Amino acid sequence: MASLSAEEEQATKQFLEEINKWTTQHGVSPLSWNVAVKFLMARKFDVLRAIELFHSYRETRLKEGIVKLQPQEEPLRSELLSGKFTVLSVRDPSGASIALYTARLHHPNRTGNHVVLQALFYLLDRAVESFETQRNGLVFIYDMAGSNYNNFELDLSKKILNLLKGAFPARLKKVFIVGAPVWFRVPYNLLSLLLKEKLRERVQMVKMADLRQHLPRDCLPEHLGGLLSLDAHGWNQQLLAGQNGRADPVDELVGIPLGESSIHTPGPEAVSLTEFTALVGHAQRAGIYDEYEEIRKEAPPGTFHCALAASNQERNRYGDVPCLDQTRVRLKPRRNEKSDYINASFMDGYKQKNAYIGTQGPLEKTYAHFWRMIWEQNVLVIVMTTRTDEGERRKCGQYWPLEEGGQEVYGHIAVVNQRVDNHAHYNQTTLELHNTENCEQRQVTHFQYLSWPDYGVPTSAVTLIHFLGALKRQQKKAVLAMGSQWRGHHAGPPIVVHCSAGIGRTGTLCALDICLSQLQDVGTVNICQTVRRMRTQRAFSIQTPEQYYFCHTAILEHAQKQGMLTANQ
């Protein structure tokens with residue numbers, strides 16, 4: 001590391017002091033001196049601007065799911081070696097690094113944006129390990145020569161350029177858009193769409209032949225337009241060879257650690273029922289909606305690589321509801337099956353790890369995966385909070401035999417409907433599972449709640465809480481029947497909960513169960529903490545402000561019905 005001036009050293013100490021207050025507060029590793037210098041160099045040692053850049057960088061990585069990058073694993077490895085993006089081995093006369101993105105090598109139908117952005121972050125982060133690059137900045141060549149509209153992805157291009165401007169620890173000196181096709185140049189509004197005002201002054205559109213006026217001949221490769229020889233990949237290949245699984249030094253900062261902290265226990269900010277009543281009365285619906293909006297803005301602390309992989313897309317009911325890699329349920333490997341993916345997440349309960357599995361409503365093509373999961377996780381109770389069709393839209397497949405005596409085979413699990421009990425607001429179905437591979441049998445109870453509108457909330461909490469009581473009694477009964485066969489948590493295996501996407505009604509039911517359990521156990525409640533923790537495991541849980549507000553009113557309604565409010569006042 002080259003030496004810093006006395007003023008630069010002082011600024012670095014000040015920056016580290018401020019940032020490490022944040023790292024201590026969030027329980028993550030402190031920032032190192034070398035990483036601090038990166039952020040300060042990018043902002044000419046302006047401490048306040050460097051702090052702003054640090055948080056912008058961290059939040060961008062979280063938002064895009066760029067955490068714990070594994071450069072030696074697919075699909076990132078192939079993307080790094082594709083030649084689409086590289087850092088040239090030469091510098092411009094000022095010593096700035098020259099990075100190159102070749103648009104014609106990008107095929108949106110083959111590679112998702114998130115993989116391209118992972119590669120971009122990884123390679124640029126490695127380039128900025130050089131003190132010379134930190135000091136002298138970066139020139140970025142966006143090479144569009146030979147590309148056509150099929151290679152262009154507007155959203156990706158906006159992210160790349162705006163990332164370079166405001167969320168990347170290197171000073172961006174210049175962006176050259178080279179060889180832009182006619183459809184990109186005229187009308188000019190496409191460029192306006194891509195660039196925020198402050199970046200525009202540093203961007204120039206130039207013809208291929210004119211680029212040499214801006215950068216000396218020996219700075220440029222012989223061919224642009226995606227015609228670089230394989231030697232141009234050398235930097236990428238050498239980089240990968242030298243990493244040996246080494247982590248990005250900023251990785252530990254961008255994700256709040258998962259693990260035991262997600263188990264729901266009473267925290268210091270939990271309040272008594274009396275205080276809770278007063279808080280709800282003071283905040284009113286508008287204040288609680290605002291609180292939900294703050295939670296909703298928080299980026300999930302993890303990645304979605306598996307859920308977003310092209311080969312797994314057909315297993316997701318909704319493309320915008322992926323599940324986190326860190327908490328996803330993995331199907332046990334089977335011969336001739338390439339993926340262990342199912343859109344399902346382990347979710348902790350009150351003082352219980354993996355109390356639930358939150359999942360989407362099964363699709364016809366995932367019925368077999370769903371029943372495999374039920375079998376592999378020893379599930380005793382399935383909770384469905386949607387109808388199969390609502391408002392002329394299919395919300396969930398008919399993944400179990402509906403009529404008494406009916407039977408269906410899903411993969412190697414045969415399911416027999418033994419009995420249906422119809423109640424006012426829900427149906428309870430006893431199912432017998434037969435594993436055709438090992439001839440074992442098990443019993444599972446399926447509960448379907450019928451009085452919950454999609455995106456909405458039940459008109460009264462009483463029926464939902466009654467339903468919650470019924471399924472928990474059944475879980476307890478089934479665990480007792482297992483006897484010594486069950487050696488896990490005394491409350492039993494995970495309860496599977498699903499709606500259509502597996503986040504709205506599913507999250508609301510689980511949050512209500514956790515909060516009521518805490519209320520019953522210690523007499524306190526903290527809905528905000530509960531929902532925040534839940535979203536670290538099943539991302540985006542609780543889908544609307546109405547559902548969040550319903551959790552509050554449901555607890556008050558339950559407390560009133562039970563006479564708890566009088567006792568507490």
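## Cysteines without a bond

Let's start with Cys528, which is buried in this predicted model. Its relative accessibility is 15%, and residues count as buried when that value is under 20%. Cys515 is buried as well, at 3% relative accessibility.

How many disulfides does the model have? The count is zero. A disulfide is a covalent bond between the sulfur atoms of two cysteines. For Cys515, the closest cysteine sulfur belongs to Cys551, and the 6.5 Å between the two sulfurs is too far for a bond. The cut-off here is 2.5 Å.

## Two helices side by side

Cys528 also takes part in a helix contact, as we will see below. Two packed helices are described by the angle between their axes and the distance between the axes. Helix H14 covers residues 273-297 and helix H19 covers residues 527-535. Their axes lie 11 Å apart, at an angle of about 25°, so H14 is roughly parallel to H19. The crossing of H14 past H19 is right-handed.

Which residues make the contact? From H14 come Phe276, Glu291, Tyr292, Ile295 and Arg296. H19 brings Ile527, Cys528, Val531, Arg532 and Arg535. Sorted by class, this contact has six nonpolar and four charged residues, and no polar ones.

## A serine in the loop after H19

Where is Ser541? You will find Ser541 in the loop between H19 and helix H20, which spans 545-561. Is Ser541 buried or exposed? With a relative accessible area of 1%, Ser541 is buried.

Leaving aside residues up to four places away in sequence, Ser541 touches Met347, Ile503, Gly507, Val531, Met534 and Arg535. Val531 and Arg535 also appear in the contact between H14 and H19.

Note on methods
Residues are numbered from 1 along each chain as its sequence is written. This is a predicted model: local features need pLDDT of at least 70, side-chain atom pairs count only at pLDDT 80 or more; totals for chains, interfaces and linings use all residues. Side-chain values use heavy atoms; hydrogens and water are left out. Buried means under 20% relative accessible area, exposed over 50%, partly exposed in between (1.4 Å probe, protein chains only). Axes are lines fitted to C-alpha atoms, for helices over the stretch in contact, and angles run from 0 to 180 degrees between N-to-C directions. Helices (H or I, at least four residues) and strands (E, at least two) are DSSP runs, numbered from the N terminus. Angles under 35 degrees count as roughly parallel, over 145 as roughly antiparallel, 65 to 115 as roughly perpendicular and the rest as oblique. A crossing is left-handed if the near helix is turned anticlockwise from the far one by less than a right angle, and right-handed if clockwise. Contact means heavy atoms within 4.5 Å. Ala, Val, Leu, Ile, Met, Phe, Trp, Tyr, Cys and Pro count as nonpolar, Asp, Glu, Lys and Arg as charged, and the others, Gly among them, as polar.
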